[in-house]
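This briefing summarises the architecture of the protein chain displayed below. Topics are grouped under short headings for reference at the bench.

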Amino acid sequence: MTAVSDVTNPSITATPAGADDPALTTSVRRAPLNDFRDEPKSTAAKVLIGVFVAVPMLALAAAIPLAWGWGLGWHDVVIALVFYYASGLGISMGFHRYFTHLSYKAKPGLRIALAIAGSLAIEGPVLTWVADHRRHHKYSDREGDPHSPWRFGDDWRALTKGLLWAHMGWLFDSNQTSREKFCPDLLADRKIARISAAFPALVVVSLLAPALIGGLWSWSWQGAVTAFFWASLVRIAFLHHVTWSINSICHTFGKKEFEVRDKSRNVNWLAILSFGESWHNLHHADPTCARHGALRGQIDIAARLIWFAEKLGWAYDVRWPDEARLAGKLTGKRRLGSMTMPRPVAAASVSSEPISPISRGAA
Ligand SMILES: [Zn+2]
Ligand SMILES: [Zn+2]
């Protein structure tokens, strides 16, 4: 079995913790992963996460009305939203659900578009992103995970350090994930490997295209400068923090709605900004599932876009939530939402298991 298939199968990702990192090994041995899930969140930790993530974002939001009319106009807002969506969906639909987890198959045109769009997020070349993320799933919250907030232990000080590590610190780790081991499928694809190698050029495009559009749209240098500030710099910074929050916040805080072996959680307030990526607990419970917000009412923009692409014939063989597969992992009485493949009637009637509380929902 290849490394690629390994990382998409949650049943074989439970690699035992090694002995190289005493802090991590001790924490894992002292308290097996399942024991941490019902632990109450400490107030101090909540304040910490608020300071590091929410407050800078609120400060940025507060600056918007101050700048309106002289340093920010609706042109900038439109260009920023378009680039936020293009690059964010490139990460969520493309780098993550398609290239890393093979949640669906895509026609060649969509495959290329997703590789380019994801690169515009400036989160690294597609090969690097996929290799790191497959390693994350292989070792999730254990030794070997590139960005676990539980890396240094589970007491307050260790978790403080771990949250900063999971959010940004890991980016400066000199260890580089092996592409040969974790994404040989993409390395073998000449077109994707070429897009990955063209990452520096795509960074320039991501930075300068908003400025060019803003300048031409307003026919002024001022329009180019403000579009560069809001639609390039602010848009990239904001998307970075949202993506990093999946690694930090969504492995520490939030709801455990599905059984998992790690500390991944569903975080509802990040759902729209992250295009559905913050339904991270379901994602770790069933990594190849194309819809992460699988429960009824959980907004998942990327899943809806995959649904549209499927209707248009651009995407196919989509791995929608499978009622039979998820029934045993659901911890509460919530129902699965639309796009769910219902449990076959025959299989359900002969099953000796208790009747599942989940069923195919309407929305
Ligand atoms: Zn993933
Ligand atoms: Zn994760």
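**Helix H4 and helix H5**

- In this predicted model, H4 passes H5 in a left-handed crossing.
- H4 spans residues 74–100 and H5 spans residues 108–119; the two pack at an angle of about 120°, and their axes are 7 Å apart. Because an angle of this value is neither under 35 degrees, nor over 145, nor from 65 to 115, H4 is oblique to H5.
- From H4, the residues Ala-86, Ser-87, Leu-89, Gly-90, Ile-91, Met-93, Gly-94, Phe-95 and Tyr-98 meet Leu-114, Ala-115, Ala-117 and Gly-118 of H5.
- By class, the residues in this contact of H4 with H5 comprise 9 nonpolar, 4 polar and no charged.

**Overall composition**

- The protein chain contains 16 helices and 2 strands.
- It has 363 residues, of which 43% count as buried.
- When contacts between residues at least 6 apart in sequence are considered, 66% of them join residues at least 24 apart.

**Nonpolar cores**

- The largest nonpolar core holds 66 residues, and within this core Val-126, Val-130 and Ile-306 touch the most other members.
- At least two residues of this core are supplied by each of H4, H5, helix H6 (126–139), helix H10 (190–197), helix H11 (199–218), helix H12 (221–248), helix H13 (280–285) and helix H14 (301–311).
- H4 provides the largest share of this core, with 10 residues.
- Apart from this core lies another, of 5 residues, which include Leu-159, Leu-163, Ala-166 and Trp-170.
- Leaving aside residues up to four places away in sequence, Val-130 touches Phe-95, Phe-99, Thr-100, Cys-183 and Leu-186.
- As a general point, nonpolar side chains tend to be buried together in soluble globular proteins.

**Helix H14**

- Which residues of H14 are buried? They are Ile-301, Ala-302, Ala-303, Ile-306 and Ala-309.
- The cover over the buried residues of H14 includes H4, H5 and strand S2 (315–316).
- Gly-313, located just after H14, adopts a positive phi of about 85°.

**Helix H7 and helix H12**

- H7, formed by residues 156–167, packs with H12 at an angle of about 135°, their axes being 8 Å apart. H7 is therefore oblique to H12.
- The crossing of H7 and H12 is right-handed.
- Leu-163, Ala-166 and His-167 of H7 meet Trp-244, Asn-247 and Ser-248 of H12.
- The contact of H7 with H12 divides by class into 3 nonpolar, 3 polar and no charged residues.
- Two of the H7 residues in this contact, Leu-163 and Ala-166, are also among the members of the 5-residue core.

**Ile-64 in helix H3**

- Ile-64 lies in helix H3, which covers residues 43–67.
- Why is Ile-64 classed as partly exposed? There are 14 other C-beta atoms within 10 Å of Ile-64, whereas a buried residue would need 20 or more and an exposed one 12 or fewer.
- Ile-64 and Trp-230 are 166 residues apart along the chain, and their C-alpha atoms are separated by 9.8 Å.

Notes: Residues are numbered from 1 along each chain as its sequence is written. Chains are lettered from A and ligands numbered from 1 in the order in which they are written. This is a predicted model: local features need pLDDT of at least 70, side-chain atom pairs count only at pLDDT 80 or more; totals for chains, interfaces and linings use all residues. Helices (H or I, at least four residues) and strands (E, at least two) are DSSP runs, numbered from the N terminus. Two residues are in contact if their C-beta atoms, placed from the backbone, lie within 7 Å. Axes are lines fitted to C-alpha atoms, for helices over the stretch in contact, and angles run from 0 to 180 degrees between N-to-C directions. A crossing is left-handed if the near helix is turned anticlockwise from the far one by less than a right angle, and right-handed if clockwise. Ala, Val, Leu, Ile, Met, Phe, Trp, Tyr, Cys and Pro count as nonpolar, Asp, Glu, Lys and Arg as charged, and the others, Gly among them, as polar. A nonpolar core is a set of buried Ala, Val, Leu, Ile, Met, Phe, Trp, Tyr and Cys residues joined through C-beta atoms within 7 Å.
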